[in-house]
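Here are some notes for a colleague who is opening this structure for the first time. Have it on screen while you read, and take the points in order.

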Amino acid sequence: PAWTACQTRSRMTSPKLSTPSWRHLQKDLLDAMDERCPQTPKAQAPEQQAVLCMPDGKEVFIPILTDSFGRAFLDVRKLHPSTGICTFDPGFTSTASCQSTITYIDGANGVLLYRGYPIEQLAERGDLMETMYLLLIGELPTSTQRQEFERTIKMHTMVHEQLINFYKGFKSDAHPMAIMVGVVGALSAFYQDSCNVKDRAQRYKSCVRMIAKIPTIAAIAYKTAVGQPVVYPRNDLSYSANFLHMMFATPCERYEPDPVLCRALDVILLLHLDHEQNASTSTVRIAGSSQANPFACIAAGIASLWGPAHGGANEAVLAMLEEIGTVDRIPEFVERAKDKNNSFRLMGFGHRVYKTVDPRARIMRQQAKKVLGITGTDDPLLHLAAELERVATTDEYFVKRNLYPNVDFYSGICLRAMGIPVSMFTVLFAMARTVGWVAQWKEMASEKATKIGRPRQVYCGPAHRNVPAQGPVSNGN
């Protein structure tokens with residue numbers, strides 16, 4: 001089969017994959033993955049080039065590239081070599097750092113595509129495993145391919161026993177994200193047979209390992225933080241059900257995940273699998289451009305995601321709700337949010353990328369209602385969130401500015417209702433985004449010519465100056 005490499009040992013033994021099994025991956029499968037790597041488009045004809053007029057009157061012709069939807073990009077790769085001039089774009093908000101075939105976003109029209117498929121269709125008609133396969137391989141799987149892929153993932157959910165000992169070095173009150181960064185970075189010490197980035201079979205092997213093991217790593221991080229024994233994965237459970245089992249089961253009590261909760265977690269993960277070249281994905285790519293091993297690159301992505309400006313949005317929603325406190329205080333905080341001179345902002349409303357409704361929000365809202373219906377959670381914060389949603393979505397100020405609840409607003413509510421602690425919100429985000437990270441990393445590593453990331457800078461420090469003849473003068477001399 002195409003997905004041969006399954007562990008045949010007992011589940012109680014430490015998984016060690018034999019190299020020959022990975023070498024037997026079908027050549028045409030690996031070829032197909034390589035074929036989907038983006039190719040550098042040819043420069044346009046001279047009449048389709050942009051002309052940059054320099055202060056000295058010299059004209060510089062800049063080729064115009066277009067993407068699959070016809071959006072234009074100025075190709076400035078030869079600008080500095082030919083003129084000595086660089087562009088200045090802090091945050092790279094007007095700069096395309098790579099070419100990719102994985103995810104497309106049209107923020108103006110609220111469009112998010114995975115490999116060309118609308119996110120709404122994937123969430124409503126597909127499932128998590130199919131979408132993982134789609135991002136990693138490039139096409140939706142057949143029934144047989146899906147079964148083989150899921151079987152392969154399930155057979156690699158266990159981690160090396162000595163890696164579990166690694167968790168014991170963390171303090172009991174360590175944040176789960178701190179543990180995630182350290183443990184994922186350490187994987188390269190345990191799985192050295194998949195660190196050769198130039199070997200496409202090893203690249204695929206490392207991607208499968210990361211997708212399979214990240215729920216286990218995340219769940220053990222939680223167990224470490226709360227001081228409970230590690231719960232091993234079960235091969236009879238689905239991806240999301242297995243994670244909930246490892247989170248909430250104990251050696252003395254089984255946990256049988258509710259299908260509604262499992263489906264909700266599937267959707268949450270699916271909606272967060274990839275989101276174009278965001279901060280953490282760009283971090284993974286720029287780390288990978290140095291040919292660093294994939295586990296180090298994913299650890300770098302986790303570190304970037306940990307930042308509150310990136311992966312902490314749904315945590316911020318819960319913190320905001322706690323600050324508001326009660327339903328009767330909503331009008332006060334809504335007015336504060338409208339005041340430009342007030343620092344308070346409604347978290348979970350609007351989106352930096354989407355200038356209209358977040359396409360993921362409607363799907364997540366439906367799942368949140370289902371979760372609340374099945375859990376019967378009588379949580380004051382959830383009642384507060386429902387009323388805040390009603391007030392904000394009927395207020396002309398927010399409607400006029402397209403400040404609708406986004407996916408973070410509903411996912412935070414959903415995760416809280418499922419019993420997931422706030423400290424694990426960003427961990428689940430990292431668990432989902434790992435699929436996108438490895439797909440992006442594999443795409444970059446498969447390119448024929450990959451340049452190491454090396455941004456320029458606008459130097460604003462002192463100009464050239466000399467050290468005094470008598471040498472530096474230390475303080476106090």
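1. One term before we start: two residues are in contact when they have heavy atoms within 4.5 Å of each other. With that in hand, go to leucine 388, which touches Met320, Leu321, Ile324, Ile330, Val334, Leu346, Phe349 and Phe409, once its neighbours within four places in sequence are set aside. Keep in mind throughout that this is a predicted model.

2. Where does leucine 388 sit? Look in helix 17, which covers residues 380-394. Leucine 388 has a relative accessibility of 0%, so it counts as buried, the cut-off being under 20%. For a feel of how the chain folds back here, try valine 327: this residue is 61 places from leucine 388 in sequence, yet their C-alpha atoms are 7.8 Å apart.

3. Now the overall picture. The chain has 477 residues, and 47% of them count as buried. Its secondary structure comes to 20 helices and 7 strands. If you take the contacts between residues at least 6 apart in sequence, 71% of them link residues at least 24 apart.

4. Which residues touch the most other members of the largest nonpolar core? They are Phe243, Leu388 and Met418, in a core of 120 residues. You have met Leu388 already; methionine 418 has its own set of partners, namely Leu244, Phe248, Leu261, Leu265, Ile268 and Val371, again without counting residues up to four places away.

5. Next, the second largest pocket, which holds about 220 Å³ of space. Helix 15 (330-338) and helix 18 (396-400) are the elements that give two or more residues to its lining. The lining is made up of Ala337, Lys338, Asp339, Lys340, Arg345, Leu346, Phe349, Tyr397, Phe398 and Leu403. By type, that is 6 nonpolar and 4 charged residues, with no polar ones. Two of these names should ring a bell: Leu346 and Phe349 line the pocket, and leucine 388 is in contact with both Leu346 and Phe349.

6. How many cavities of 30 Å³ or more turn up in the whole structure? There are 6. The largest cavity has about 80 Å³ of space. It is lined by 13 residues, and Lys154, Thr157, Ser238, Tyr239 and Asn242 are the closest to its centre. Helix 6 (143-154), helix 9 (200-226) and helix 10 (239-248) each bring at least two residues to this lining, which splits into 7 nonpolar, 4 polar and 2 charged.

7. A couple of backbone spots deserve a look. Most residues other than glycine have a negative phi. Phenylalanine 92 has a positive one, near 55°, and lies in the loop between helix 3 (79-83) and strand 5 (103-106). Asparagine 402 also has a positive phi, near 55°, and belongs to the loop between helix 18 and helix 19 (407-417). Is asparagine 402 buried, partly exposed or exposed? Its relative accessible area is 27%, so it is partly exposed, a class that runs between 20% and 50%.

8. Last, the cysteines. The structure holds 0 disulfides. Cysteine 53 has a relative accessible area of 54%, and because exposed means over 50%, it counts as exposed. Cysteine 460 is exposed too, at 71%.

Definitions and conventions. Residues numbered from 1 in each chain as written. Predicted model: local features only at pLDDT ≥ 70, side-chain atom pairs only at ≥ 80, totals over all residues. Heavy atoms only, no water. Core = buried A, V, L, I, M, F, W, Y, C linked by side-chain atoms within 4.5 Å. Buried < 20%, exposed > 50% of the residue type's maximum accessible area, 1.4 Å probe, protein only. 1 Å grid on protein atoms, 1.4 Å probe; cavity = no way out; pocket = protein on both sides within 12 Å on 5 of 7 lines; lining within 4 Å. Points joined across faces, edges and corners; volume = space filled by probe spheres on them. Helix = DSSP H or I, 4+ residues; strand = E, 2+ residues; numbered from the N terminus. Nonpolar A, V, L, I, M, F, W, Y, C, P; charged D, E, K, R; others polar. Disulfide = S-S within 2.5 Å.
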